[in-house]
Amino acid sequence: MLPEALVPGDTSPEADAAQVDAYRRMGGTARAAVMFRLSDATRRWTLAGIRARHPEYDEARALLAYARLTLGDELARRVWPDRDPVEP
């Protein structure tokens with residue numbers, strides 16, 4: 001069970017304990033699959049938010065904005081030194 005500070009506000013302690021128990025019973029491979037699905041969903045939601053805020057962005061600009069959010073300004077500039085920063 002997670003420390004109370006880490007349990008989401010919309011989750012009861014009992015539901016949190018049940019979820020943690022289910023993850024433990026899954027095994028490493030299944031937990032990794034869940035993690036990859038959640039990461040992919042989060043990436044898609046973030047890109048959807050960028051596209052909603054900036055409908056004028058093409059795919060390349062949307063991905064640059066995503067990179068800026070996830071990598072930070074300094075690393076994004078080091079990876080794409082010839083591109084201007086894109087507002088996320």
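The paragraphs below walk through parts of this predicted model, beginning with its core and ending at its surface.

A helpful place to begin is the largest nonpolar core, which is made up of seven residues in all: Leu47, Ile50, Tyr57, Ala62, Leu64, Ala65 and Val86. Two helices, α2 and α3 (59-71), each supply at least two residues of this core, and the largest share, three residues, comes from α3. If you look at one member of the core, leucine 47, and leave aside its neighbours within four places in sequence, you will find that leucine 47 is in contact with Ala62, Leu63 and Tyr66.

From here we can turn to threonine 46, whose place is in helix α2, a helix that covers residues 28-53. Is threonine 46 buried or exposed? The answer lies between these two words, because its relative accessibility is 26%, and a residue must be under 20% to be called buried and over 50% to be called exposed; threonine 46 therefore counts as partly exposed. When neighbours within four places in sequence are again left aside, threonine 46 is in contact with Tyr66 and Leu69. There is also a link to threonine 42, since a polar atom of the side chain of threonine 46 lies 2.8 Å from the backbone oxygen of threonine 42. The C-alpha atom of threonine 46 is separated by 23 Å from that of threonine 11, a residue 35 places apart from it along the chain.

Arginine 44 also has its place in helix α2, and it counts as partly exposed because its relative accessibility is 44%. Between arginine 44 and alanine 22 there are 26 Å in space, C-alpha to C-alpha, while in sequence the two are 22 residues apart.

Following the chain onward, we come to histidine 54, which is placed in the loop between α2 and α3. Histidine 54 counts as buried because its relative accessibility is 13%, and buried means under 20%. Not counting residues up to four places away in sequence, histidine 54 touches Glu87 and Pro88.

Finally, we can look at the surface, where Leu71, Leu75, Val79 and Trp80 make a nonpolar patch of about 310 Å². One of these residues, valine 79, lies in helix α4, which covers residues 73-79. Valine 79 has a relative accessible area of 44%, and so it is described as partly exposed.

Key:
Residues are numbered from 1 along each chain as its sequence is written. This is a predicted model: local features need pLDDT of at least 70, side-chain atom pairs count only at pLDDT 80 or more; totals for chains, interfaces and linings use all residues. Side-chain values use heavy atoms; hydrogens and water are left out. Helices (H or I, at least four residues) and strands (E, at least two) are DSSP runs, numbered from the N terminus. Buried means under 20% relative accessible area, exposed over 50%, partly exposed in between (1.4 Å probe, protein chains only). Contact means heavy atoms within 4.5 Å. A polar contact is a pair of N or O atoms within 3.5 Å; within protein, one must be able to donate a hydrogen and the other to accept it, and residues adjacent in sequence count only if both atoms are side-chain atoms. Patches are made of residues with over 30% relative accessible area and no salt bridge: like charges are joined within 9 Å, nonpolar side chains (Val, Leu, Ile, Met, Phe, Trp, Tyr) within 5 Å. Accessible areas come from the Shrake-Rupley method with a 1.4 Å probe; for residues, only the protein chains shown count as cover. A salt bridge is a side-chain nitrogen of Lys or Arg within 4 Å of a carboxyl oxygen of Asp or Glu. A nonpolar core is a set of buried Ala, Val, Leu, Ile, Met, Phe, Trp, Tyr and Cys residues joined through side-chain atoms within 4.5 Å.
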